[in-house]
Amino acid sequence: MSFVFTPPAMVSVPVVGSENRFPVHRIYCVGRNYEEHAKEMGFTGREPPFFFMKPADALVVVEADSTGTMPYPSLTKNFHHEIELVVAIGTGGKNIKAADAHKHIYGYAVGLDMTRRDLQGEMKKQGRPWCIGKAFDHSAPIGPITPVAQAGDAQNAEISLQVNGQERQRSHVSKLIWNIGETIEHLSAAWELQPGDLIYSGTPEGVAAVVSGDTLVGKVAGLSTLTIQVA
Ligand code: MN
């Protein structure tokens, strides 16, 4: 059997301390999962978690100790950063209970859920899907995945983002409205998780715009730093 054209290469992310790479299946994202960010977006309260997706080839994979680049996207004048802890699923499953969720996690990485905020806002206003605001090309920068055993307590780690050396976002993963176990419970009730799935777990407050030339440095304590420049 051969294909009618050359199929695209498997998207993969480097793994800290390994020559082997993590092959990516899907990218799930959690909306409004820190209270202070929900408030800055005009919402309050602990509503059930909701999800959206990005295509796997929207990843911008930044290798260890390097500075990645992402293009400034088309159609927007308000290109926002959202620093997030990314959970890498190693063992699939459906209807996973929060208490068992840790058995399904391969590791963690630092990611950015880049957002064309003006387009997302338009879609919200019109009750239309967010895809054009969230799931565009190069919208998901990610650093190397640290396996659970080396990651420390990522679910209780400090998370931060600097732009050109100035702090923009700083919080703590323990402030997630729906923690990682609860997020996996909700997500796996809706979709059967597969090895290779990535979950962008939500961003804390402080989201704001970047422009061409800006350098973003994202950190979650215990994980490999993500450094990327907007081209
Ligand atoms: Mn987000």
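This is a short chat about the metal site and salt bridges of a predicted model.

Visitor: Which residues are the protein donors of the manganese ion?
Guide: Glu82 (OE), Glu84 (OE) and Asp113 (OD), and they lie 2.0 to 2.2 Å from the ion.

Visitor: What spacing do those donors follow along the chain?
Guide: The pattern reads E-x1-E-x28-D. Glu82 and Asp113 come from distant parts of the chain, 31 residues apart. Glu82 is in the loop between strand 7 (79-80) and strand 8 (83-89), while Asp113 is in the loop between strand 9 (105-112) and strand 10 (115-116).

Visitor: Are Glu82 and Asp113 buried or exposed?
Guide: Buried, the two of them.

Visitor: Switching to salt bridges, how many are there in the whole structure?
Guide: The search turns up 12.

Visitor: Which side chain meets Asp113 in a salt bridge?
Guide: Lys134 does, at 2.9 Å from N to O. That pair also links distant parts of the chain, with Lys134 in helix 3 (residues 131-134), 21 residues from Asp113. Both partners are buried.

Visitor: Which residues are in the salt-bridge network?
Guide: Lys54, Glu82, Asp113, Arg117 and Lys134 are linked there. Two of those names, Glu82 and Asp113, are manganese donors as well.

Visitor: OK, and what does Lys103 pair with?
Guide: Asp100, at 3.2 Å from N to O. Lys103 is exposed at 54% relative accessible area, whereas Asp100 is partly exposed at 31%.

Visitor: And where does Glu167 come in, what's its partner?
Guide: Arg170, with the closest N and O atoms 2.7 Å apart. Glu167 counts as partly exposed at 43% relative accessibility, and Arg170 is partly exposed at 37%.

Methods
Residues numbered from 1 in each chain as written. Predicted model: local features only at pLDDT ≥ 70, side-chain atom pairs only at ≥ 80, totals over all residues. Heavy atoms only, no water. Donors = N, O, S within 2.8 Å, 3.2 Å for Na, K, Ca; no water. Helix = DSSP H or I, 4+ residues; strand = E, 2+ residues; numbered from the N terminus. Buried < 20%, exposed > 50% of the residue type's maximum accessible area, 1.4 Å probe, protein only. Salt bridge = Lys/Arg side-chain N within 4 Å of Asp/Glu carboxyl O.
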